[in-house]
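Trainee: Please take one part of this model, the packing of its side chains, and go through it closely. I would like the reasoning spelled out.

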Amino acid sequence: IGAWGALAVFVGATVLLVGMRWQHDRTVRLVEGTIGLVSKGLATRITGMADAFLGGLRALPSVAAFGWFLFLTCVYWGINGLAVWVMAKAFYLPVDLIGGYAMMACVVVGMMIPNSPGNVGSFWYFLLLPLPLYGVDAANTQAIAFGIMVWWLQLVQQGAFGAWFVVRGQVTWRRVLEATAKDAEGLPTPPTKAAVG
């Protein structure tokens, strides 16, 4: 049920994004005329999130850049699922390659809901969710050690990438702190070279 629900959400989101890209006003009216009947606030949030996502895509300068973005996205998720499977093997869990991707997909769906700081607990809960399909109890000691290790390695990796941009001066601590308190639209735009000079 959860897998079909997640598939329905992703397919619906894809259709919504395509609709808003080519028939923006009609799609907004459609969302307001359907979901808006149940909750106007939810309809506004959905269209706002879709607009924000499309706004991010507009930052890509060309169709070739968008294609490169899609290619790198596929490479990233391909490596991610493969890495989960390799880690499961390292902890002697009887998970096949499809199971590694299923575990990764559960984490992605689980991270869409509000979580604890740093996804402590919730990350490995969703990661271990498919394990009973392979005859392993999610409370198994090896499984828990595996979940914590995958969470820890991803946390270290993300922290290292973030630190790299801070050290290079591409992101300042002030902007990091502002981002925790404001939405993306409220952030000040970085100064251009002309403005600095």
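Mentor: A helix here is a DSSP run of type H or I with at least four residues, and helices are numbered from the N terminus. The model is predicted, so read what follows as computed from that prediction.

Start with Thr 27, which sits in helix H2, residues 24-38. Its relative accessibility is 10%, so Thr 27 counts as buried, the cut-off being under 20%. Beyond the residues within four places in sequence, Thr 27 is in contact with Leu 16, Gly 19 and Met 20.

Next comes the largest nonpolar core, which has 17 residues. Leu 93, Met 103, Leu 127, Leu 131 and Phe 146 have the most contacts inside this core. At least two of the core residues come from each of H4, H5, helix H6 (122-128) and H7. H7 gives the most, namely four residues. For Met 103, the contacts outside the four-place window are Val 84, Val 95, Phe 126, Leu 127, Leu 128, Pro 130, Leu 131 and Phe 146. Another core, of seven residues, lies apart from the largest one; Leu 16, Val 28, Val 31 and Leu 54 are among its members. Leu 16 has already appeared as a contact of Thr 27.

Now the aromatic rings. The structure holds six aromatic pairs. One of them joins Phe 91 and Phe 146: the ring centres are 6.1 Å apart and the planes stand at 65°, so this pair is edge-to-face, since that term applies to angles over 60 degrees. Phe 91 is in the loop between helix H4 (63-90) and helix H5 (97-110), whereas Phe 146 is in helix H7 (residues 141-167), so the pair ties together parts that are 55 residues apart in sequence. Phe 146 has 0% relative accessibility and therefore counts as buried.

Tyr 125 and Phe 126 make another edge-to-face pair, with 5.1 Å from centre to centre and 80° between the planes. The two partners differ in burial: Tyr 125 is partly exposed because its relative accessible area is 49%, while Phe 126, at 16%, is buried. Phe 126 was also listed among the contacts of Met 103. In addition, Trp 124, Trp 151 and Trp 152 form one aromatic cluster.

Last, a polar residue in H4. Asn 80 is placed in that helix, and its relative accessible area of 12% makes it buried. Leaving out residues up to four places away in sequence, Asn 80 touches Met 104 and Gln 154.

Conventions: Residues numbered from 1 in each chain as written. Predicted model: local features only at pLDDT ≥ 70, side-chain atom pairs only at ≥ 80, totals over all residues. Heavy atoms only, no water. Phe/Tyr/Trp six-rings, centres within 6.5 Å; stacked < 30°, edge-to-face > 60°. Buried < 20%, exposed > 50% of the residue type's maximum accessible area, 1.4 Å probe, protein only. Contact = heavy atoms within 4.5 Å. Core = buried A, V, L, I, M, F, W, Y, C linked by side-chain atoms within 4.5 Å.
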